[in-house]
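Here is a small set of exercises to work through with the model open in your viewer. Try each task before reading its solution.

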Amino acid sequence: ARRASPALPAVELAGLSLERCEVLSLLEEWAECEIACNEAMREGAREATDKAHLLLWRARARAEGRADVEGALADLCEASRHAQDTGEDSQAALEGEAQEVRARIEEL
């Protein structure tokens, strides 16, 4: 998508990279998910909800793929900070996702 001609608008590209991360997480492709999340975060400005989702997916990928519990917990902390900058409904949903990731980390 980055090499498409004509180039995709930045908003569409950001949406595609977010979807890619979600799909890789659902497929439990942890190494690829972590890489995709890192790339998506380097792309720049995003809404707080998107940043929080990327960090949650990366946290799970770090824990599952590399047993990097410390890095995963750091991502969870940062995701919680971004969740506070969202609306009430989004914040509740993100906190629920964060609890699921924390529970999975504890299982590992």
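## Exercise 1: The cavity

The model is predicted. By class, six nonpolar residues, one polar and one charged make up the lining of the largest cavity. Find which residues these are and which helices supply them.

**Solution.**
- Step 1: Search the whole structure, and one cavity of 30 Å³ or more turns up. The largest cavity holds about 30 Å³ of space.
- Step 2: List the lining, which consists of Ala52, Leu56, Ala79, Ser80, Ala83, Leu94, Glu95 and Ala98.
- Step 3: Assign these to helices. At least two lining residues come from each of α3 (48–66), α4 (69–83) and α5 (88–107).

## Exercise 2: The nonpolar cores

Start from Leu56, one of the cavity-lining residues, and work out what it touches beyond its sequence neighbours.

**Solution.**
- Step 1: Leave aside neighbours within four places in sequence; Leu56 is then in contact with Leu76, Ala79, Leu94, Glu97, Ala98 and Val101.
- Step 2: Move to the largest nonpolar core, which has 13 residues; those touching the most other members are Leu56, Ala59, Ala72, Leu76, Leu94, Val101 and Ile105.
- Step 3: Ask where this core comes from. α3, α4 and α5 each supply at least two of its residues, and α3 gives the most, with five.
- Step 4: Look for another cluster. A second, separate core of 11 residues includes Trp30, Cys33, Ala40 and Ala61.

## Exercise 3: A charged side chain in α3

Is Arg62 buried or exposed? Which partners do its side-chain polar atoms find?

**Solution.**
- Step 1: Place Arg62 in helix α3.
- Step 2: Check its relative accessible area, 17%; the cut-off for buried is under 20%, so Arg62 counts as buried.
- Step 3: Follow the side chain. One of its polar atoms lies 2.9 Å from the backbone oxygen of Gly71, and the side chain also makes a polar contact with that of Asp75 (3.4 Å).
- Step 4: Complete the surroundings. Beyond four places in sequence, Arg62 is in contact with Glu34, Ala67, Asp68, Gly71, Ala72 and Asp75.

## Exercise 4: Positive phi in two loops

Locate Glu28 and Ala67, and give the phi of each.

**Solution.**
- Step 1: Glu28 lies in the loop between α1 (10–26) and α2 (30–42). Its phi is near 60°, a positive value in a residue other than glycine.
- Step 2: Ala67 sits in the loop between α3 and α4, with a positive phi near 55°.
- Step 3: Add the accessibility of Ala67: its relative accessible area is 59%, so Ala67 is exposed.

Technical notes:
Residues numbered from 1 in each chain as written. Predicted model: local features only at pLDDT ≥ 70, side-chain atom pairs only at ≥ 80, totals over all residues. Heavy atoms only, no water. 1 Å grid on protein atoms, 1.4 Å probe; cavity = no way out; pocket = protein on both sides within 12 Å on 5 of 7 lines; lining within 4 Å. Points joined across faces, edges and corners; volume = space filled by probe spheres on them. Helix = DSSP H or I, 4+ residues; strand = E, 2+ residues; numbered from the N terminus. Nonpolar A, V, L, I, M, F, W, Y, C, P; charged D, E, K, R; others polar. Buried < 20%, exposed > 50% of the residue type's maximum accessible area, 1.4 Å probe, protein only. Polar contact = N/O pair within 3.5 Å; in protein donor to acceptor, adjacent residues only side chain to side chain. Contact = heavy atoms within 4.5 Å. Core = buried A, V, L, I, M, F, W, Y, C linked by side-chain atoms within 4.5 Å.
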